[in-house]
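Below are some points for a colleague meeting this structure for the first time. Please keep the sequence and the model open while reading.

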Amino acid sequence: MADIKNTGNAPSTIYLKDYQPPLYVVEKVSLHFALYETQTLVTSTLQLSLNEANKQDDKSLVLDGQNLELVSIKVNGKTLSASDYLCDDESLTISQVPGTCELEIQTRINPEGNKALEGLYLSSGMFCTQCEAQGFRRITYFPDRPDVMSNYEVTIVADKKKYPVLLSNGNLVDKGDMNNGQHFVTWQDPSLKPSYLFALVAGELFCKEDQFTTMSGQDILLQVFVEHENSHKCDHALTSLKQAMKWDEDTYGREYDLDIYMIVAVNDFNMGAMENKGLNIFNSSCVLASPDTATDADYYNIQSIIAHEYFHNWSGNRVTCRDWFQLSLKEGFTVFRDQEFSADLNSRAVKRIDDVNILRNHQFAQDAGPMAHPIRPDHYIEISNFYTVTVYNKGAEVVRMIRNLVGSEGFRKGTDLYFERHDGQAVTTEDFVKAIEDANAIDLSLFQNWYSQAGTPELEVSGSYNEKDQSYKLDITQCCPDTAGQKNKKPFHIPLQLSLINEKGVDIPLFLDDNKAGSAVNELTIELKDKTESFIFYNVESEPAVSINRGFTSPVKINARHSNDELAFLFSHDSDEFNRWDAGQTLAINTLLELVEQFKNKQELVLQDKIINAYKNTLTNKNLDLALIAQAMTLPSENYLADQMEVVNVDGIHQARTFMRMELAKALKNELIDVLQQGQSDKEYMFQADEMARRELNAVCLSYLMLLQDEKIISMCMSQFENANNMTDVLSALSSLSHYDTELRQQALDQFYEKWKHDAQVVEKWFAIQAGADLPGVLDKVKALMQHEAFSMTNPNKVRSLIGRFCASNITHFHASDGSGYQFLADQVLALDSMNPQIAARLVQNMSRWRRYDDQRQALMKQQLERILANKGLSKDVYEIVSRSLED
């Protein structure tokens, strides 16, 4: 047994340029687990051979491993002595290994003590795994990298009474009872897979089953495993899974390839879900749903996430990443696929707005901060820090641009070629783009800059009308701000959909450049490839309004120099639903920033009547989708407003936004009440687009009206809280009540907890509502709730719902001028870092952009970041975020 010691080395940086193929190929992996809570014994048997693609001279076998107790090593049946290998806290090195051999390693691990929730751990009495990105090395010594793809056979032995359900990847090939009350199962996965896709689950679980018949006639058994008390919450997940399987066949021609598809809900999970081949492990919040416990947003997210993980079967599992720098190869592509799935099943316009809101509120901020990175990073210290909105959401936008450039048919041809060419391989983003190019005879070499350059491109757009020629010239200049390690960016290849709109609000037929006599279209896509380009449109009878980047064709910032009057016109007339909403958002931003200036200059805040009328016209427009009205009535977030300022005025933003909402509530009180009353319904809950839109608009109206603190409205809100037949309406009422320090508020919160204290997912909503309350003393309340019986620092969902919600969303109180919010966050990061560094690293990013604030807040945040960095034994995860945040 080897003694593992910490070497104390500083974290090292991994670079894409240093990639080398694996030295050894692992042709087959046989794993044997003897499951015990604190003393699980893992025996791994690897069939190894030298990889001819790796030409390095040193043939030493280096295996990754962390937090393992090494029991024994055998090479071709011969037990090695301690002098035959070198073992430290990160790896196991064997210098003398035959070119082809069988390697058997026994390790002992402590799942119960594994609070990092990586590798094999216990959650609510259930064994489960999380191996992406580098969790497998916490189970056994292995070349834990995605380009080592092997066939796996897994045998699990456990107490039958405590763990009657034993699951792993692939197909079940054997099972039986053993002595001493134990039983075993053996699973075989016929597909090649990397170690990050390995999965194991053991527990006392309820199983809900269904079936799906593929387009070739194969019957697939579908199973969802949950704790018994959640047996009634599986139906939506199963329905969503069948919808996703059918959609992927219809849209991409992709069929499922195993006999069984399993989903397991786990309470303690760092991520949303994991696409392990044939055995998806999900955060419970992303699986469990019933009308009385889950909101519309929960139902919507579950549908999307179930689909996302299923789509990975091809875009991630059958074809995977060569190395972790290629993460967006699978995640960006799969996010795009799940976005299109959700758009097809629900409202496409609302889905696009939701996706762009995530991008603008979170990804644009990341692009402008110290953690800015391309969708294919070129270096990292800890890969877990790069499961980001850049890799996922911006990565999806890059795939969307490719689809827009080659068209839907061309994209299908390209993806068919990609899957055919690379099935069973670990590949790169270049391989994906090459398949699209080859299938469509197109050159995307300039487009590759999207993969290698960080930052959000910014476009300056100006137009000039020539009345004599009846032509309109559009000039566009692109630039991309410097980011860490990248200056003087090359031009991006940027597609932009646009239309020109006449004074009557009608799209003008477009004749571009010399195509004066050709057929015209009302909307077309132009392509930017140089720093500055011009486009001339002919047969334009009067000066038009420009609707550009329709549907958010490209993830860019656009300064189109629209006046507020022009924005109001587009808000009323643009035929593109996204751009119509976007014009309203830009109008709101302009208005709010003017109010911030008034606050800063100690002037009386004034909201112009024309702004109020624009919102009134939207609210009462009978021709608009209710979901679009709800989106249009929702003002830009405080976080997004902060990103529009050179120096963030925390108090000014909050005061301006609160004032504008109050003025709209007072001016539109009657209209808001009318819409709210018309939207009341006692129908049984249904998850469908029109019903979700009705409930969403009701919630928006109620939140405005509650600002007035009118007794009748408060009574109406309390009545909705007590009598609604679904969690969406209950929670919207409770959320509106939560911002007002009244007896009814506390009464409602107590009543809610007493009713739902047995349901972990509902209690998380209860924590989040209180953490987001705009009330004095909210930080003290958050600290008090950390002592509550339902809170646990070892449960990521609880940490996110309370600590994460306060720090990320309660902007005014987190950024209190005395620095109390910053000290609180630093305290929690340090407390979490030794338990769960992934969660700690995500939390600390709330202070990473400290330089954007006033001098006082800068000093206070910097002080806490330096305090964290000075902590001995800091994890790689937190070290990377904090050190990069403090770099000049």
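1. In this predicted model, a good place to begin is L222, which touches K208, E209, D210, Q211, F212, L238, L241, K242, M245 and Y261 when residues up to four places away in sequence are not counted. L222 itself sits in strand β18, which covers residues 219–226.

2. Is L222 buried or exposed? With a relative accessible area of 0%, L222 falls under the 20% cut-off, and L222 is therefore buried. As for its distance from T93, the two residues are separated by 129 residues in sequence and, from C-alpha to C-alpha, by 42 Å in space.

3. Turning to the helices, the axes of α15 (residues 689–705) and α17 (residues 727–737) come within 10 Å of each other and cross at roughly 15°. Because that angle is under 35 degrees, α15 counts as roughly parallel to α17, and the crossing is right-handed.

4. On the side of α15 this contact is made by R695, A699, L702 and S703, while α17 contributes T728, D729, S732, A733 and S736. Sorted by class, the contact has 3 nonpolar, 4 polar and 2 charged residues.

5. Helix α17 is largely enclosed by the rest of the structure, because 10 of its 11 residues are buried; among them are M727, V730, L731, L734 and L737. The cover over these buried residues includes α2 (296–311), α15, α16 (711–723), α18 (743–756) and α19 (760–771).

6. At the N-terminal end of α17, N726 acts as a cap, with a side-chain oxygen that lies 3.2 Å from the backbone nitrogen of T728.

Notes
Residues numbered from 1 in each chain as written. Predicted model: local features only at pLDDT ≥ 70, side-chain atom pairs only at ≥ 80, totals over all residues. Heavy atoms only, no water. Axes fitted to C-alpha atoms, helices over the stretch in contact; angles between N-to-C directions. Helix = DSSP H or I, 4+ residues; strand = E, 2+ residues; numbered from the N terminus. Parallel < 35°, antiparallel > 145°, perpendicular 65-115°, else oblique. Left-handed = near helix turned anticlockwise from the far one by under 90°. Contact = heavy atoms within 4.5 Å. Nonpolar A, V, L, I, M, F, W, Y, C, P; charged D, E, K, R; others polar. Buried < 20%, exposed > 50% of the residue type's maximum accessible area, 1.4 Å probe, protein only. Polar contact = N/O pair within 3.5 Å; in protein donor to acceptor, adjacent residues only side chain to side chain.
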